Amino acid sequence: LDTKSTDRKQTLLHYIANVIKEKYPDVSLFYNEIHYVEKAAAVSLENVLLDVKELQRGMDLTKREYTMHEHNIVLKEFLTANEGKLKKLQDDARISQVRNLPTLLFLPSKLSV
(Lines give C-alpha, C1' and ligand atoms only; values in the text may rest on other atoms or scores of the structure.)
Protein backbone atom coordinates (compact mmCIF):
# COMPACT_ATOMS: atom_id res chain seq x y z
CA LEU A 1 0.00 0.00 0.00
CA ASP A 2 1.53 3.31 -1.09
CA THR A 3 0.68 6.35 0.97
CA LYS A 4 0.61 9.27 -1.44
CA SER A 5 0.30 13.01 -1.13
CA THR A 6 -3.01 14.71 -1.77
CA ASP A 7 -1.95 15.51 -5.32
CA ARG A 8 -0.94 11.83 -5.76
CA LYS A 9 2.49 12.82 -7.13
CA GLN A 10 4.66 11.76 -4.21
CA THR A 11 4.71 8.74 -1.90
CA LEU A 12 5.57 8.92 1.78
CA LEU A 13 8.87 7.20 1.04
CA HIS A 14 9.78 9.85 -1.55
CA TYR A 15 8.87 12.60 0.91
CA ILE A 16 11.09 11.08 3.63
CA ALA A 17 13.95 10.67 1.14
CA ASN A 18 13.66 14.32 0.08
CA VAL A 19 13.63 15.55 3.69
CA ILE A 20 16.76 13.52 4.43
CA LYS A 21 18.52 14.87 1.34
CA GLU A 22 17.68 18.46 2.26
CA LYS A 23 18.17 18.45 6.02
CA TYR A 24 20.65 15.60 6.57
CA PRO A 25 22.82 15.34 3.45
CA ASP A 26 25.57 13.45 5.32
CA VAL A 27 23.10 10.66 6.10
CA SER A 28 21.62 10.46 2.63
CA LEU A 29 24.45 8.24 1.37
CA PHE A 30 24.22 5.69 4.20
CA TYR A 31 23.61 2.91 1.70
CA ASN A 32 27.28 3.17 0.68
CA GLU A 33 28.24 1.96 4.15
CA ILE A 34 25.44 -0.52 4.80
CA HIS A 35 27.35 -3.43 3.24
CA TYR A 36 29.74 -3.28 6.23
CA VAL A 37 26.95 -3.98 8.72
CA GLU A 38 26.89 -7.75 8.23
CA LYS A 39 30.65 -8.04 8.71
CA ALA A 40 30.59 -5.70 11.70
CA ALA A 41 27.82 -7.71 13.33
CA ALA A 42 30.10 -10.75 13.35
CA VAL A 43 32.72 -8.92 15.42
CA SER A 44 32.44 -9.01 19.19
CA LEU A 45 33.05 -5.69 20.95
CA GLU A 46 34.53 -7.63 23.86
CA ASN A 47 37.14 -9.21 21.56
CA VAL A 48 37.97 -5.87 19.98
CA LEU A 49 38.50 -4.34 23.44
CA LEU A 50 40.78 -7.23 24.38
CA ASP A 51 42.76 -6.76 21.16
CA VAL A 52 43.20 -3.05 21.89
CA LYS A 53 44.49 -3.89 25.38
CA GLU A 54 46.94 -6.37 23.89
CA LEU A 55 48.16 -3.73 21.46
CA GLN A 56 48.72 -1.36 24.39
CA ARG A 57 50.72 -4.03 26.23
CA GLY A 58 52.82 -4.56 23.12
CA MET A 59 53.37 -0.82 22.76
CA ASP A 60 54.42 -0.60 26.42
CA LEU A 61 56.94 -3.40 25.88
CA THR A 62 58.26 -1.65 22.79
CA LYS A 63 58.65 1.61 24.74
CA ARG A 64 60.49 -0.24 27.50
CA GLU A 65 62.78 -1.83 24.95
CA TYR A 66 63.44 1.55 23.37
CA THR A 67 64.42 3.07 26.73
CA MET A 68 67.10 0.40 27.01
CA HIS A 69 68.28 0.87 23.41
CA GLU A 70 67.66 4.53 22.58
CA HIS A 71 70.03 4.35 19.63
CA ASN A 72 67.69 1.91 17.86
CA ILE A 73 66.26 3.94 14.98
CA VAL A 74 63.78 1.23 13.96
CA LEU A 75 62.12 1.24 17.38
CA LYS A 76 62.01 5.03 17.42
CA GLU A 77 60.40 5.15 13.96
CA PHE A 78 57.90 2.46 14.94
CA LEU A 79 56.88 4.32 18.08
CA THR A 80 56.63 7.63 16.25
CA ALA A 81 54.52 6.14 13.47
CA ASN A 82 52.18 4.08 15.66
CA GLU A 83 51.58 5.79 19.01
CA GLY A 84 48.99 8.12 17.45
CA LYS A 85 47.27 5.22 15.71
CA LEU A 86 47.02 3.29 18.97
CA LYS A 87 45.63 6.36 20.76
CA LYS A 88 42.96 6.67 18.06
CA LEU A 89 42.06 2.98 18.43
CA GLN A 90 41.78 3.41 22.20
CA ASP A 91 39.57 6.47 21.82
CA ASP A 92 37.34 4.62 19.34
CA ALA A 93 37.15 1.64 21.71
CA ARG A 94 36.07 3.92 24.59
CA ILE A 95 33.39 5.51 22.42
CA SER A 96 32.14 2.06 21.40
CA GLN A 97 31.98 1.00 25.03
CA VAL A 98 29.96 4.06 26.01
CA ARG A 99 27.57 3.60 23.10
CA ASN A 100 27.03 -0.05 23.99
CA LEU A 101 26.70 0.49 27.74
CA PRO A 102 22.88 0.50 27.77
CA THR A 103 22.87 -2.78 25.83
CA LEU A 104 25.51 -4.34 28.07
CA LEU A 105 23.56 -3.41 31.20
CA PHE A 106 20.65 -5.60 30.12
CA LEU A 107 22.66 -8.67 29.13
CA PRO A 108 22.52 -11.25 31.95
CA SER A 109 26.07 -12.46 31.26
CA LYS A 110 27.38 -8.92 31.83
CA LEU A 111 25.75 -8.38 35.20
CA SER A 112 28.04 -8.40 38.19
CA VAL A 113 26.82 -9.68 41.53
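These exercises work through a predicted model of one protein chain.

**Exercise 1. Fold outline**

Task: State how many helices and strands the protein chain has, and give their pattern along the sequence.

Solution:
- Start with the count. The protein chain has four helices and zero strands.
- Then read along the sequence. The pattern is α-α-α-α.
- Turn to contacts between residues at least 6 apart in sequence. Of these, 38% join residues at least 24 apart.

**Exercise 2. Burial and surface**

Task: Find what share of the 113 residues is buried, and what area the protein chain exposes.

Solution:
- Buried residues account for 10% of the 113 residues.
- The exposed area is about 10,200 Å².
- Carbon and sulfur atoms supply 61% of that area.

**Exercise 3. Two residues to classify**

Task: Decide whether Gln90 and Thr11 are buried or exposed, and list what each one touches.

Solution:
- Place Gln90. It sits in helix 4, residues 73–105.
- Apply the cut-off: buried means under 20% relative accessible area. Gln90 has 16%, so Gln90 is buried.
- Look for partners of Gln90 beyond four places in sequence. Gln90 contacts Val52 and Gln56.
- Place Thr11. It belongs to the segment before helix 1.
- Thr11 has a relative accessible area of 13%, so Thr11 is buried.
- Check the side chain of Thr11. It makes a polar contact with the side chain of His14, at 2.6 Å.

**Exercise 4. A nonpolar patch**

Task: Name the residues of the nonpolar surface patch, then locate Leu29 and classify its exposure.

Solution:
- The patch is made by Tyr24, Val27, Leu29, Phe30, Tyr31, Ile34 and Val37.
- Its area is about 710 Å².
- Leu29 lies in the loop between helix 1 (12–23) and helix 2 (37–41).
- At 46% relative accessible area, Leu29 is partly exposed.

**Exercise 5. Salt bridges within a helix**

Task: For Glu54 with Arg57, and for Asp91 with Lys87, give the N to O distance and the spacing in sequence.

Solution:
- Begin with the total. The whole structure holds five salt bridges.
- Take Glu54 and Arg57. Their closest N and O atoms are 2.1 Å apart.
- Both residues are in helix 3 (residues 45–68). They are three residues apart, so about one helical turn separates them.
- Check exposure. Glu54 is partly exposed at 48%, and Arg57 is partly exposed at 46%.
- Take Asp91 and Lys87. Their side chains meet at 3.0 Å, N to O.
- Both residues are in helix 4. They are four residues apart, so about one helical turn separates them.
- Check exposure again. Asp91 is partly exposed at 28%, and Lys87 is partly exposed at 46%.
- Extend the picture. Lys87, Asp91 and Arg94 are linked in a network of salt bridges.

**Exercise 6. A salt bridge between helices**

Task: Which parts does the salt bridge of Lys63 and Glu83 tie together?

Solution:
- Confirm the bridge. The side chains of Lys63 and Glu83 meet at 3.2 Å, N to O.
- Locate the residues. Lys63 is in helix 3 and Glu83 is in helix 4.
- The pair therefore ties together parts that are 20 residues apart in sequence.
- Finish with exposure. Lys63 is partly exposed, with a relative accessible area of 33%. Glu83 is partly exposed, with 34%.

Conventions:
Residues are numbered from 1 along each chain as its sequence is written. This is a predicted model: local features need pLDDT of at least 70, side-chain atom pairs count only at pLDDT 80 or more; totals for chains, interfaces and linings use all residues. Side-chain values use heavy atoms; hydrogens and water are left out. Helices (H or I, at least four residues) and strands (E, at least two) are DSSP runs, numbered from the N terminus. Buried means under 20% relative accessible area, exposed over 50%, partly exposed in between (1.4 Å probe, protein chains only). Contact means heavy atoms within 4.5 Å. Patches are made of residues with over 30% relative accessible area and no salt bridge: like charges are joined within 9 Å, nonpolar side chains (Val, Leu, Ile, Met, Phe, Trp, Tyr) within 5 Å. Accessible areas come from the Shrake-Rupley method with a 1.4 Å probe; for residues, only the protein chains shown count as cover. A salt bridge is a side-chain nitrogen of Lys or Arg within 4 Å of a carboxyl oxygen of Asp or Glu. A polar contact is a pair of N or O atoms within 3.5 Å; within protein, one must be able to donate a hydrogen and the other to accept it, and residues adjacent in sequence count only if both atoms are side-chain atoms.
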